[in-house]
Amino acid sequence: MELTTARLCLVALHESDAEALFAYRSDPVVARYQGWYPATCEEALAFIRAQQQVSLDSRDSWLQRAIRRTTDDRLIGDVGLHIPADSGDSYEFGISIAPACQSQGYSREALCAWLGWVFGQLRAHRVHASIDPRNLASVALLRSLGMRQEAYFRESLRLHGEWVDEVIYALLAREWR
Ligand SMILES: CC(C)(COP(=O)(O)OP(=O)(O)OC[C@H]1O[C@@H](n2cnc3c(N)ncnc32)[C@H](O)[C@@H]1OP(=O)(O)O)[C@@H](O)C(=O)NCCC(=O)NCCS
């Protein structure tokens, strides 16, 4: 699966991306509200290698794609989709953008294409994202996509050794259209 937008392409991660992936995913700005962050470049490489085995048939798995800027082919982030364990049509997604490339509309652009594919090709009925409510950049991003808050769970996630709140933002296929 490959998607292109005006400035980006969403494609498979390559082993040569390990250093760049490690650099932004381990950056505290990106890792602060995330459950997974690589401690070493080798861990980032193992993550990329594990992704090579994941397909749309891999139930209860995260399918991750590179977000590459077309002008310089630079890896600027990644986007993920959780393939549900059952055959349901409800998917969770997440996105990360390298700090130097944030606030330039890249996430919004990538997710417009990503959600278009999830609702179009995968015929999803519903998508949702789970975020820490202190993650204001994510709240703004999800709202800008028309997503609405559906749930607020108090201290339901353990992140970086502390219990944190979790907010669920969701969108139905008919709302996307
Ligand atoms: C959340 C994140 C993906 C946003 O990426 P981004 O490329 O900077 O976002 P965009 O530039 O596309 O901005 C999208 C919207 O969010 C708003 N926004 C982005 N960062 C913001 C911030 N720090 N504070 C307030 N609003 C912000 C933008 O103004 C924009 O709104 P608009 O369309 O109404 O103008 C990025 O900050 C990130 O990677 N964070 C760390 C990883 C993370 O927490 N991921 C969880 C996401 S589910």
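**Exercise 1. Work out how the protein's backbone meets the ligand, and how much of the ligand gets covered.**

Start with Leu 141: one of its backbone N or O atoms lies 3.4 Å from an oxygen atom of the ligand. Keep in mind that you're looking at a predicted model. Taken alone, the ligand exposes 930 Å², and the protein buries 72% of that.

Next, go to Gln 104, where a backbone N or O atom sits 3.3 Å from a ligand oxygen. Then try Ile 97: here the distance from a backbone N or O atom to an oxygen of the ligand is 2.8 Å. A polar contact needs N or O atoms within 3.5 Å, so check each of those distances against that cut-off.

**Exercise 2. Find the ligand's place in the protein and say which elements build the shell around it.**

Look for the largest pocket first: that's the space the ligand takes. Now gather the neighbours. There are 19 residues around the ligand, and the closest are Ile 97, Ser 103, Gly 105, Ser 107 and Asn 135.

Then sort the shell by element. S5, H4 and helix H5 (136–144) each give at least two residues to it. Which element supplies the largest share? That's H5, with five residues.

**Exercise 3. Trace the chain through S4, S5, H4 and S6.**

Begin at strand S4 (residues 75–83), which pairs with strand S5 (residues 90–97) in the antiparallel sense over six bridges. To get from S4 to S5, follow a hairpin of six residues. For a landmark on this pairing, take Gly 80, whose bridge partner in S5 is Gly 94.

Now turn to the pairing of S5 with strand S6 (residues 126–131). Is it parallel or antiparallel? These two run in the parallel sense, with three bridges, and Tyr 91 stands opposite Val 127 in S6.

Finally, put helix H4 (residues 106–120) into the picture: S5, H4 and S6 together make a right-handed β-α-β unit.

**Exercise 4. Lay out the whole sheet and explain what is special about its edges.**

Write down the order of the strands: S1-S2-S3-S4-S5-S6-S8-S7, eight strands in an open sheet with mixed pairing. Why do S1 and S7 each have one side without a neighbour in the sheet? Strand S1 (3–4) and strand S7 (148–159) stand at the edges with a single partner strand each, so one side is left free of a sheet neighbour.

For S7, look at strand S8 (residues 162–172): the two pair in the antiparallel sense over eight bridges. Within this pairing, Leu 157 has Val 164 in S8 as its bridge partner.

Note on methods. Residues numbered from 1 in each chain as written. Predicted model: local features only at pLDDT ≥ 70, side-chain atom pairs only at ≥ 80, totals over all residues. Heavy atoms only, no water. Pairing = 2+ DSSP bridges. Helix = DSSP H or I, 4+ residues; strand = E, 2+ residues; numbered from the N terminus. Right-handed = clockwise from strand over helix to strand, strands pointing away. Near = heavy atom within 4 Å. Polar contact = N/O pair within 3.5 Å; in protein donor to acceptor, adjacent residues only side chain to side chain. Areas by Shrake-Rupley, 256 points an atom, 1.4 Å probe, with all protein chains shown as cover. 1 Å grid on protein atoms, 1.4 Å probe; cavity = no way out; pocket = protein on both sides within 12 Å on 5 of 7 lines; lining within 4 Å. Sits in = over half its atoms within 2 Å of the grid points.
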